[in-house]
Amino acid sequence: MTVLKKLIKRVRANSRVPVAVLSLLFVVAGFALLTQEATRESNSRKSPEMLEFEKSPDTWLANQRNVSELIKAADAGQVATVALANGHPGLVLYTLRNGAKASVTVPGCTVIGCAGTALDKIAERSAAQGFALVGVDVDPRTRSQHLLDLLGAIVSPLIIIATMGIGFFVLMRLQTGVGGAASTLSERPGIKFDDAIGNDEAKAALNRVKAFMSDPSSYVKLGAAAPRGVLLVGPPGTGKTLLAKALAGESKANFIAVDGSYFTATYYGAGVAKVKALFKLARNNAPCVLFIDEVDGIGKRSRGNEGGGAESEMNRIINRVLVEMDGFEAMDNVVVVAATNHENNIDEAMRRPGRFDMLVRLGKPTLPERARLFDLYLGKVTADGSADTAALARMTTGLTPADIANIVNKAASSAAEQGAAKVTSDHVLRAIETQLLGGEISRVKDLLTEGTRVRLAYHEAGHAIIGHWTGAGLVERVTIEPRGQALGVTYMTRGTEDPLYKQNELVSRLAMMLGGREAELLVLDSVSSGASDDLKRASELAIEMVGSLGFSETFGLLSVGGIPKELLGPDIQAAVLREARVLLEQAQATCRTLLSAQRARLDTMAQALLTCEVLQGAELKEMLGEVGRVPVPHVAAIGRDQALALAFTRRV
Ligand code: ADP
């Protein structure tokens with residue numbers, strides 16, 4: 001009853017429903033009248049015999065006989081009328097002169113016709129005996145069969161239409177992503193700003209958003225504009241998602257995460273529908289942080305006629321996002337946080353006030369932050385506490401928090417694979433090597449001859465001793481295990497992330513790069529192709545020192561980099577190369593003096609490497625010995641990437 005009442009109420013509320021019902025009734029009534037009229041007209045053209053057959057065919061059909069009986073009756077002149085059923089080849093209804101009614105099915109009849117069958121004989125008899133032969137419209141099916149067929153005819157298209165409808169509905173739902181977005185709606189995240197290490201400026205900015213989300217009314221009262229969009233810009237793995245989650249966690253808000261590609265859909269227009277559905281979901285779950293990762297996927301608007309349909313769909317998607325954001329009420333309490341690594345790909349319109357007007361930059365972690373990250377992630381696994389996180393931080397210049405999390409995870413995985421009870425410092429160092437050199441210990445290891453191993457050991461020991469004794473940096477680890485492209489590696493770190501490199505530090509680095517080759521020369525009396533990468537990098541550094549860093553005696557304060565191309569003649573080029581070569585030769589001389597003086601250490605270290613393959617920690621320190629640093633006169637700045645490139649030497 002209540003359902004009926006509801007229905008009536010709805011009908012009353014919606015005036016279009018009675019109109020639709022009346023129109024439908026009119027159509028049905030008109031159709032029925034037309035059918036009746038058509039039957040009447042068609043019957044008026046039929047003979048009385050035909051009409052008699054069609055009126056109640058069941059009387060004939062109920063009495064089935066065989067064909068020979070019919071032919072016999074025809075021969076005996078007993079047949080009064082014969083009717084052939086239209087549309088049912090071979091079905092014959094007949095009436096005898098004595099009034100008996102029967103039917104037969106002539107075998108051999110097909111839809112093409114009945115030529116050559118017993119029907120030919122009946123036709124001949126009709127002509128000879130003079131009984132009527134008519135065509136009639138009868139339906140031989142029983143009533144239940146008829147009903148079944150009718151139902152089948154109505155239901156099967158309905159089933160097809162329903163299946164298609166359901167399929168389309170499911171597809172549209174997938175495309176518009178209502179379900180997809182809903183499934184990305186996580187519980188209120190438990191993450192806090194303190195869970196993200198570093199990025200203090202970003203946290204301070206997001207704290208302002210948190211203050212609004214926690215108490216929007218106090219802002220609205222004063223007429224302050226609500227923050228609507230935050231754009232997080234930074235390289236992958238620097239914690240954009242983490243901070244967006246932390247914002248939700250701190251503001252006790254729901255969190256919905258999608259990425260730019262989520263909006264791109266197969267069907268034109270479905271992307272826009274997805275935007276609408278997503279913002280609706282966010283509003284319904286307010287307070288809510290709606291996180292759009294890789295927003296540059298949709299954020300670049302094409303101009304003019306460039307691009308095709310896909311581009312215009314993108315424009316529609318961005319426009320819809322902006323319209324949704326413009327439509328935020330102050331009390332909606334939904335903040336959209338978008339993340340990108342390609343700030344330049346973000347459309348200007350998205351950066352206007354009231355949209356993504358708060359820009360928050362995230363950077364790679366500093367040295368102390370990396371140490372804290374190692375502490376954090378090693379604290380989450382079962383570690384034996386042997387890892388020196390300060391040293392690990394020094395070795396991982398330029399890596400992101402995600403890289404560090406990944407390194408610790410890899411270390412824990414390999415510890416598990418080896419059946420170790422705890423994650424040790426060695427597991428972590430090996431994971432760092434894998435990350436930095438891009439590979440596990442390579443198969444090349446099995447191909448190395450003993451002679452090559454000896455050469456590698458002296459080469460790496462040479463790098464380490466020169467690096468250490470010239471004060472080029474801290475030697476963290478030396479290995480002759482081939483990994484990725486490298487056959488052996490000496491890890492050197494600076495112990496600081498000072499962006500300035502002093503002249504003597506660079507001179508020391510130059511010597512350190514040549515140390516491997518010089519050790520080979522000193523001990524084995526020959527050099528190998530393995531030093532080619534060292535020479536290349538040392539040459540680059542020497543040319544840079546002479547040409548741009550102001551360490552040249554010929555050019556003084558003149559930077560070759562600043563000289564216009566047309567003035568850069570062959571004599572200038574020759575002067576740069578000459579002076580760079582002098583620098584290299586000086587570095588070589590330093591190596592020779594030092595290596596001869598430290599020959600005993602060189603031999604001990606090479607032997608230790610041949611036995612253990614890896615040297616690190618106290619053992620390595622002991623072998624290197626104590627040295628003091630030399631004071632330095634000049635200062636120059638070089639880029640961070642270059643600093644990273646200098647962080648370790650590898651032998652290819
Ligand atoms: P992005 O979104 O910038 O690509 P994510 O936030 O997805 O980076 O970071 C990936 C993973 O790296 C996080 O799940 C987390 O484990 C770790 N991570 C990133 N930034 C930090 C951070 N500042 N402090 C601690 N862990 C971090």
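Domain bounds, as I use them in these entries, come from an automatic or database domain assignment. With those bounds I looked up the shell around the ligand, and I noted that at least three residues are drawn from each of domain 3 (193-361) and domain 4 (367-437).

**Ground rules.** I am working on a predicted model, in which local features need pLDDT of at least 70 and side-chain atom pairs count only at pLDDT 80 or more, whereas totals for chains, interfaces and linings use all residues. Residues are numbered from 1 along each chain as its sequence is written, and side-chain values use heavy atoms, with hydrogens and water left out.

**Ligand.** I listed 16 residues around the ligand (a residue is near a molecule if one of its heavy atoms lies within 4 Å of it), and Ile 197, Gly 237, Lys 240, Thr 241 and Tyr 377 come nearest. I then looked up polar contacts, meaning pairs of N or O atoms within 3.5 Å, where within protein one atom must be able to donate a hydrogen and the other to accept it, and residues adjacent in sequence count only if both atoms are side-chain atoms. A polar side-chain atom of Thr 241 lies 2.6 Å from an oxygen atom of the ligand, a backbone N or O atom of Gly 237 lies 2.8 Å from a ligand oxygen, and a polar backbone atom of Leu 242 is 2.9 Å from an oxygen atom of the ligand. On its own the ligand has 560 Å² of accessible area, of which the protein covers 78%; such areas come from the Shrake-Rupley method with a 1.4 Å probe, and for residues only the protein chains shown count as cover.

I sorted the shell by class, with Ala, Val, Leu, Ile, Met, Phe, Trp, Tyr, Cys and Pro as nonpolar, Asp, Glu, Lys and Arg as charged, and the others, Gly among them, as polar; the division is 10 nonpolar, 4 polar and 2 charged.

**Whole protein.** I found 25 helices and 17 strands, taken as DSSP runs numbered from the N terminus (helices H or I, at least four residues; strands E, at least two). Of the 652 residues, 43% are buried, where buried means under 20% relative accessible area, exposed over 50%, and partly exposed in between (1.4 Å probe, protein chains only). The protein exposes about 34,200 Å², and carbon and sulfur atoms supply 57% of that area.

**Backbone entries.** I recorded two residues with positive phi, bearing in mind that most residues other than glycine have a negative phi. Asn 199, with a phi of about 50°, sits in the loop between strand S6 (185-186) and helix H9 (200-214), and is buried at 15% relative accessible area. Asp 525, with a phi of about 70°, lies in the loop between helix H20 (503-524) and helix H21 (532-547), and counts as exposed at 67% relative accessibility.

**Two loop residues.** I placed Val 295 in the loop between strand S9 (288-293) and helix H13 (296-299), where the residue is buried with 1% relative accessible area. Leaving out residues up to four places away in sequence, I found contacts (heavy atoms within 4.5 Å) from Val 295 to residues including Leu 231, Ala 338 and Met 350. Gln 598, in the loop between helix H22 (570-597) and helix H23 (599-612), counts as buried at 13% relative accessibility, and a polar contact of 2.9 Å joins its side chain to that of Arg 601.
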